[in-house]
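Let's take a walk through a protein together, one stop at a time. Keep the picture open beside you and look for each place as we reach it.

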Amino acid sequence: MKEWFCPMVSKALPPKKRGPAARDANDIRHNRLTLRAHDDLMKLLSLRASEAGLSRSAYIERLLINWLRADPRNPKLDNMGKLSPATGPTPFDARTSDPLRVAERWQRFSQARELIFGQNAPRTWFEDGDSYWPAAVGGHLEPDDSGDDPKEAEARRQAAKRPRQRY
């Protein structure tokens, strides 16, 4: 007796996309931060990150971004730490346009700093315009002024072109 062979027709679903959706080039994290820490600190960070449902790296990134968001001298940051487009007064200009709101934010920031570092934020930080984010985006400089020393900016560009040497 002959066996009947019939190939199976597969109605397979289209392949699933793997990994995160493609991001805009501006949304990619290009820099790396290395942290040297004691094993006990790393265990605590891992525990707290696990409680939050995050990787340790994402947990530390969230801590840093939220700390910088708390400081009223800084521009607005998105969840990746990227400067949000300026949609209102700069942090420096907000001191005169909405002084009560800025004073409240400064008071909360100063209290948080006291809890974490054991001392209030110096009042000069609040009053001195040079302690605010010194960039054309979100800062108090004129839009045509980058705030960089031209020689330093050129040195950074040249250093970025050179290949890194490992020792």
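The largest pocket draws more of its lining from helix α2, residues 56-70, than from any other element: seven residues come from there. Before we look inside that pocket, please keep in mind that this is a predicted model. In total, 25 residues line the largest pocket, and those nearest its centre are Arg-29, Asn-31, Leu-33, Glu-61 and Met-80. The space inside the largest pocket comes to about 1,000 Å³. What classes of residue make up the lining of the largest pocket? There are 13 nonpolar residues, together with six polar and six charged ones.

Now move on to the second largest pocket, with a volume of about 490 Å³. Its lining has 23 residues, and Lys-76, Pro-89, Pro-91, Arg-101 and Arg-105 are the closest to the centre. Two helices to look for here are α3 (91-97) and α4 (99-117), each of which supplies at least two residues of the lining. Which helix gives the most to the lining of the second largest pocket? The answer is α4, with three residues. Sorted by class, the lining of the second largest pocket holds 11 nonpolar, six polar and six charged residues.

With both pockets in view, take a step back to the whole chain. The protein has six helices and zero strands, and reading along the sequence gives the pattern α-α-α-α-α-α. How much of the protein is buried? Of its 167 residues, 16% are buried.

Next, let's look for charged partners. Side chains of opposite charge can pair when their charged atoms come close. The structure holds three salt bridges, and we can visit each in turn.

Start with Glu-51 and Arg-48, whose side chains meet in a salt bridge with an N to O distance of 2.7 Å. How far apart are Glu-51 and Arg-48 along helix α1? They are three residues apart in this helix, so about one helical turn separates them. The two partners can also be described by their accessibility. Glu-51 has a relative accessible area of 57%, so it is exposed. Arg-48 has a relative accessible area of 35%, so it is partly exposed.

Another salt bridge joins the side chains of Arg-73 and Asp-71, with 2.5 Å from N to O. Are these two residues buried or exposed? Both Arg-73 and Asp-71 are buried.

For the remaining pair, find helix α5, residues 123-127, where Glu-127 and Arg-123 lie four residues apart, about one turn of the helix. Glu-127 forms a salt bridge with Arg-123, and their closest N and O atoms are 3.3 Å apart. Glu-127 is partly exposed, because its relative accessible area is 47%.

Let's turn from charged side chains to nonpolar ones. Leu-115, Ile-116 and Phe-117 make a nonpolar surface patch of about 380 Å². Ile-116 belongs to helix α4, a helix we met at the second largest pocket as the one giving the most to its lining. Why does Ile-116 count as exposed? Its relative accessibility is 55%, and exposed means over 50%.

Our last stops show how residues separated along the chain are placed in space. Ser-55 sits in the loop between α1 (39-52) and α2. Its relative accessibility is 43%, so Ser-55 counts as partly exposed. Ser-55 and Leu-45 are 10 residues apart along the chain, and 9.5 Å separates their C-alpha atoms.

Pro-75 is in another loop, the one between α2 and α3. With a relative accessible area of 10%, Pro-75 is buried. Between the C-alpha atoms of Pro-75 and Ala-86 there are 8.1 Å, while 11 residues separate the two along the chain.

Finally, find Phe-92 in helix α3. Is Phe-92 buried or partly exposed? Phe-92 is partly exposed, because its relative accessible area is 24%, and buried would mean under 20%. Along the chain, Phe-92 and Phe-126 are 34 residues apart, yet their C-alpha atoms are separated by 9.3 Å.

Terms used:
Residues numbered from 1 in each chain as written. Predicted model: local features only at pLDDT ≥ 70, side-chain atom pairs only at ≥ 80, totals over all residues. Heavy atoms only, no water. 1 Å grid on protein atoms, 1.4 Å probe; cavity = no way out; pocket = protein on both sides within 12 Å on 5 of 7 lines; lining within 4 Å. Points joined across faces, edges and corners; volume = space filled by probe spheres on them. Nonpolar A, V, L, I, M, F, W, Y, C, P; charged D, E, K, R; others polar. Patch = residues over 30% accessible without salt bridge, like charges linked within 9 Å, V, L, I, M, F, W, Y side chains within 5 Å. Areas by Shrake-Rupley, 256 points an atom, 1.4 Å probe, with all protein chains shown as cover. Salt bridge = Lys/Arg side-chain N within 4 Å of Asp/Glu carboxyl O. Buried < 20%, exposed > 50% of the residue type's maximum accessible area, 1.4 Å probe, protein only.
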